[in-house]
Amino acid sequence: CPDQGHGGDWPCGRRGHLAIQKEVRVMMLSAAETQSMIRDLGGETLKYKLAGTATSNVNTGIVSTPYQDFSLNGLWTQYERREIDGTVVRPNDAKIVMSAYDVTFVPTLNDKIERGSAVWNIVRVAQMPNDPFVEFQVRR
């Protein structure tokens with residue numbers, strides 16, 4: 001569209017512009033690019049604790065869950081004040097972004113993430129289709 005400053009080589013009109021925006025959003029980054037971005041933004045090594053199948057001891061009634069540990073790089077951030085509603089996102093919750101290429105398993109709300117000696121429960125996992133990142137909301 002000449003009036004948009006990009007000549008006539010792009011599809012014009014609302015649908016054309018939306019198609020271009022959609023195409024730009026789903027461009028995939030490589031594993032190396034996503035890992036580099038996380039590292040460059042201050043990412044750190046975290047221990048991801050993938051929950052196995054819970055078992056119960058019939059004699060004691062104690063239920064135990066085995067965990068498989070993975071060392072993954074993640075970008076640890078706090079939620080912005082405007083994101084905290086006190087219910088879904090609480091003041092001490094944290095947000096972690098990891099490369100989807102590193103998360104080679106299906107995350108569940110039974111999994112945990114360990115940072116230093118503190119163990120955090122996963123309360124939300126978010127990943128859009130074709131998104132090269134996975135976002136975790138964690139709480140202690």
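**Note on a predicted protein model**

1. Asp102 is found in the loop between β5 and β6 (112-115), and a reader should keep in mind from the outset that the model is predicted. Asp102 is buried yet takes part in no salt bridge, and the nearest side chain of opposite charge, that of Arg39, is 8.0 Å away. Because a salt bridge here requires a side-chain nitrogen of Lys or Arg within 4 Å of a carboxyl oxygen of Asp or Glu, the distance of 8.0 Å to Arg39 does not qualify. What Asp102 does have is a polar contact of 2.6 Å that joins its side chain to the side chain of Gln35. Leaving aside residues up to four places away in sequence, Asp102 touches Gln35 and Leu72.

2. It helps to set this residue against the chain as a whole, which contains two helices and eight strands. Read from the N terminus, the order of the elements is α-α-β-β-β-β-β-β-β-β. Of the 140 residues in the protein chain, 29% are buried, and the chain exposes about 9400 Å², with carbon and sulfur atoms supplying 52% of that area. Among contacts with a separation of 6 or more, 54% are between residues 24 or more positions apart.

3. The structure holds four aromatic pairs. One of them is formed by Tyr48 and Phe105, a tilted pair with 4.7 Å centre to centre and 45 degrees between the planes. Tyr48 lies in strand β1 (residues 44-51) and Phe105 in the loop between β5 and β6, so this pair ties together parts that are 57 residues apart in sequence. Tyr48 counts as buried because its relative accessibility is 0%, and Phe105 also counts as buried, at 13%. Ring pairs further link Tyr48, Phe70, Phe105 and Phe136 into a cluster.

4. A search of the whole structure finds nine salt bridges. In one of these, the side chains of Glu44 and Arg115 meet at 3.0 Å, N to O. Since Glu44 belongs to strand β1 and Arg115 to strand β6, the pair ties together parts that are 71 residues apart in sequence. Glu44 is partly exposed, with a relative accessible area of 24%, and Arg115 is partly exposed as well, with 33%.

5. Two further salt bridges involve the loop between β4 and β5. Glu83 forms a salt bridge with Lys95, the closest N and O atoms being 3.2 Å apart, and this pair links Glu83 in that loop with Lys95 in strand β5, twelve residues apart. Glu83 is partly exposed at 25% relative accessibility, whereas Lys95 is buried at 14%. Arg139 forms a salt bridge with Asp93, with 2.8 Å between the closest N and O atoms; Arg139 is in strand β8 (residues 133-139) and Asp93 in the loop between β4 and β5, 46 residues apart. Both Arg139 and Asp93 are buried. Elsewhere, Lys47, Lys49, Asp69 and Glu114 are linked in a network of salt bridges.

6. Two isoleucines in loops may be read side by side. Ile84 is placed in the loop between β4 (67-78) and β5 (94-99), and at 27% relative accessibility this residue counts as partly exposed. Ile62 lies in the loop between β2 (55-56) and β3 (63-64) and, at 55% relative accessibility, counts as exposed. Not counting residues up to four places away in sequence, Ile84 touches Tyr79, Val89, Arg90 and Pro91, while Ile62, counted likewise, touches Thr55, Ser56 and Asn57.

Terms used
Residues numbered from 1 in each chain as written. Predicted model: local features only at pLDDT ≥ 70, side-chain atom pairs only at ≥ 80, totals over all residues. Heavy atoms only, no water. Helix = DSSP H or I, 4+ residues; strand = E, 2+ residues; numbered from the N terminus. Buried < 20%, exposed > 50% of the residue type's maximum accessible area, 1.4 Å probe, protein only. Contact = heavy atoms within 4.5 Å. Lys, Arg positive; Asp, Glu negative; His and termini not counted. Polar contact = N/O pair within 3.5 Å; in protein donor to acceptor, adjacent residues only side chain to side chain. Areas by Shrake-Rupley, 256 points an atom, 1.4 Å probe, with all protein chains shown as cover. Phe/Tyr/Trp six-rings, centres within 6.5 Å; stacked < 30°, edge-to-face > 60°.
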